[in-house]
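Me: I would like to learn how to read the features of a model like this one. Please take me through them in turn.

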Amino acid sequence: MYTFSSKLKIVAIVLMILGIIGVAYGFMTSHKSLDEVKEMIAQEEAGHGSGHGADTKAHVVAGGNEHSDNAHDANAHDALVDDHHNAEDPIHEGAFDAHHGDEHAEHVQHQMANRPWSALYVAAFFFFMIALGVLAFYAVQFAAQAGWSPLLLRVMEGITAYMLPGALIVLAIAIASGVIGHYNLFVWMDPEVVAEDKLIQGKSDWLNITWFGIRGLIFIAGWYLYRFFSRKYSIAQDDADDNKNFIKTFRISAGFLVFFLYTESMMSWDWIMSVDPHWFSTLFGWYVLAGMMVCGITVIAMVTIYLKSLGLLPKVNDSHIHDLAKFMFGFSIFWTYLWFSQFMLIWYSNIPEEVTYFVTRFQDYQLPFLGMVAMNFLFPLLILMNSDFKRMPWFVIMAGIVILCGHYVDVFNMIMPATVGDHWFIGIPEISSILLFGGLFIFVVFSALTKAPLEPKRNPFIKESEHFHY
């Protein structure tokens, strides 16, 4: 039996406390007055010189919730500016400039207020998707009747314990941002925006807070029920005289995978893609799934190596670590394939309603957008291609840290451009949110690992797993 060490427990609690303090600080400092925002914009313009004005106009058009992807708005805005200048009326021109300045300042003010909400949401979703990815991988092991993995099943069960609280937190933040906040994450929750946006109105039967919440609870209930019963049957199998519990888990795992593939796609549309309600991609659900799986498998490998370093899981050998690293490598390549497919098809077709998603990220998020491709593809490709490296725990840990950081940046890139525009930074709100949910994740996962023996005793494939060599 694993015992949750007091040192690790203290680390988890300290991380949560520091995270709460930092998140609170982020919320307290995010609300700026209109005059403060105007002064900040003036300083930025003075620092960037005359070229900043054109950039500012581009950001107003392309960056943020309220001006997401309307190329027509940009043309209309330019025409309106030309009309006012051609009128040669200095009074009207001055009034227009003042109005436009106030409008832009209010938009920037809203983006700055969005930042702590967005940072909290990105970190919450990142740790939740790790647990959900592990749950899907766990179901695959039973549905495929895999013989290599039974020694790792209890590690997976411990990680999936975070799925329920993690999912509820993500859903709560999403709804609270619209009900308590000022529509900080999802612009379609703002009735004033919906009233003026024909495209969002056409999606209102799907994109409304009530139905959004109900769908989310249905997703979570289905995932939790599978986790509850599979865990129940797994523990019952330890003391059973036959394989009935294993057969039950096999059957519900096959059914769950069908449910999961549908609900994971819808969840990715609701919880991620709808921050950009004008944009859509038919590959998006698969893209999120690929990132979810590689993060989940990476954490399985890291927790397994940690437990083995404590003298636990003695029957886990370097072939098990090798196979986990092989899945890390494989899903990294799969993620890259989907990333490139989504990007290339949209970029090549050059349809304004679609390409604006990547234009915004290239203009304002070039470093994290291209950097996470290197972290999620080039690094795993170079490090994990070698079969011998996959057997070295410290090498797998190093690769895992880079992969997890890269996929956090990936989630960051999915959310931030639509909510904070070009006013992004990885600072106190973002780091504090990672600490908060990282601490909570450690506390929940390692508490769950203490509830049952780390080695399943009566799994019909346990002997095959014990003698597994690649």
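Me: Where does Phe-280 lie?

Reply: A residue is first placed by its element. This is a predicted model, and in it Phe-280 falls in the loop that runs between α11 (244-271) and α12 (284-309).

Me: Is Phe-280 buried or exposed, or partly exposed?

Reply: Burial is read from relative accessible area, where buried means under 20% and exposed over 50%. Phe-280 has 46% relative accessibility, so it counts as partly exposed. Its place in the fold also shows in a distance: the C-alpha atoms of Phe-280 and Glu-354 are 7.2 Å apart, with their positions 74 residues apart along the chain.

Me: How many helices and strands does the chain have?

Reply: The count is 18 helices and 0 strands. The chain has 470 residues, of which 53% count as buried. Sequence separation adds to that picture: among contacts between residues at least 6 apart in sequence, 82% join residues at least 24 apart.

Me: How do I read the packing of two helices, and at what angle do α7 and α10 pack?

Reply: Take the angle and the distance between the axes, then look at the residues in contact. Helix α7 (residues 163-179) packs with helix α10 (residues 209-238) at about 175°, and their axes are 10 Å apart. An angle over 145 degrees counts as roughly antiparallel, and α7 and α10 are therefore roughly antiparallel to each other. On the α7 side the contact includes Leu-164, Leu-168, Leu-171 and Ile-175, and on the α10 side it includes Phe-212, Gly-213, Gly-216 and Trp-223. By class, this contact of α7 with α10 has 14 nonpolar, 2 polar and no charged residues.

Me: Which residues make the contact between α13 and α14, and at what angle do these helices pack?

Reply: Helix α13 (residues 318-349) and helix α14 (residues 352-364) meet at an angle of about 110°, with 8 Å between their axes. The range for roughly perpendicular is 65 to 115 degrees, and α13 and α14 are therefore roughly perpendicular to each other. From α13 the contact takes Gln-342, Phe-343, Ile-346, Trp-347 and Ser-349, and from α14 Glu-354, Val-355, Phe-358, Val-359 and Phe-362. Sorted by class, the contact of α13 with α14 has 7 nonpolar, 2 polar and 1 charged residues.

Me: How many aromatic pairs does the structure hold?

Reply: The structure holds 51 aromatic pairs. A pair is read from the centre distance and the angle between planes. Phe-412 and Trp-424 form one that is edge-to-face, at 5.9 Å centre to centre and 75° between the planes. Phe-412 lies in helix α16 (residues 393-419) and Trp-424 in the loop between α16 and α17 (428-449), so this pair ties together parts that are 12 residues apart in sequence. Phe-412 counts as buried at 0% relative accessibility, whereas Trp-424 counts as partly exposed at 24%.

Me: What else is Phe-412 in contact with, leaving aside its neighbours within four places in sequence?

Reply: Apart from those neighbours, Phe-412 is in contact with Val-122, Tyr-365, Pro-417, Trp-424, Ile-426 and Glu-430. C-alpha to C-alpha, Phe-412 and Ala-123 are 8.4 Å apart in space and 289 residues apart in sequence.

Me: Which residues do ring pairs link into a cluster?

Reply: Pairs that share a ring can be followed from one residue to the next. Here ring pairs link a cluster that includes Trp-279, Phe-284, Trp-335, Trp-347, Tyr-357 and Phe-369.

Me: How is a charge over a ring read, and which residue lies over the face of Tyr-357?

Reply: Look at the distance to the ring centre and the direction of the ring face. Arg-361 lies over the face of Tyr-357, 3.5 Å from the ring centre. Another case is Arg-215, which lies over the face of Trp-206 at 3.9 Å from the ring centre.

Me: What are Asn-413 and Thr-304 in contact with, leaving aside neighbours within four places in sequence?

Reply: Read the element and the burial along with the contacts. Asn-413 is in helix α16 and counts as buried at 2% relative accessibility. With those neighbours left aside, Asn-413 is in contact with Arg-361, Tyr-365, Pro-368, Phe-369 and Met-372. Thr-304 belongs to helix α12 and is buried, with a relative accessible area of 0%. On the same reading, Thr-304 is in contact with Leu-152, Val-155, Leu-313, Val-316, Ile-321 and Leu-324.

How values were computed. Residues numbered from 1 in each chain as written. Predicted model: local features only at pLDDT ≥ 70, side-chain atom pairs only at ≥ 80, totals over all residues. Heavy atoms only, no water. Helix = DSSP H or I, 4+ residues; strand = E, 2+ residues; numbered from the N terminus. Buried < 20%, exposed > 50% of the residue type's maximum accessible area, 1.4 Å probe, protein only. Axes fitted to C-alpha atoms, helices over the stretch in contact; angles between N-to-C directions. Parallel < 35°, antiparallel > 145°, perpendicular 65-115°, else oblique. Contact = heavy atoms within 4.5 Å. Nonpolar A, V, L, I, M, F, W, Y, C, P; charged D, E, K, R; others polar. Phe/Tyr/Trp six-rings, centres within 6.5 Å; stacked < 30°, edge-to-face > 60°. Lys NZ or Arg CZ within 6 Å of the ring centre and 35° of its normal.
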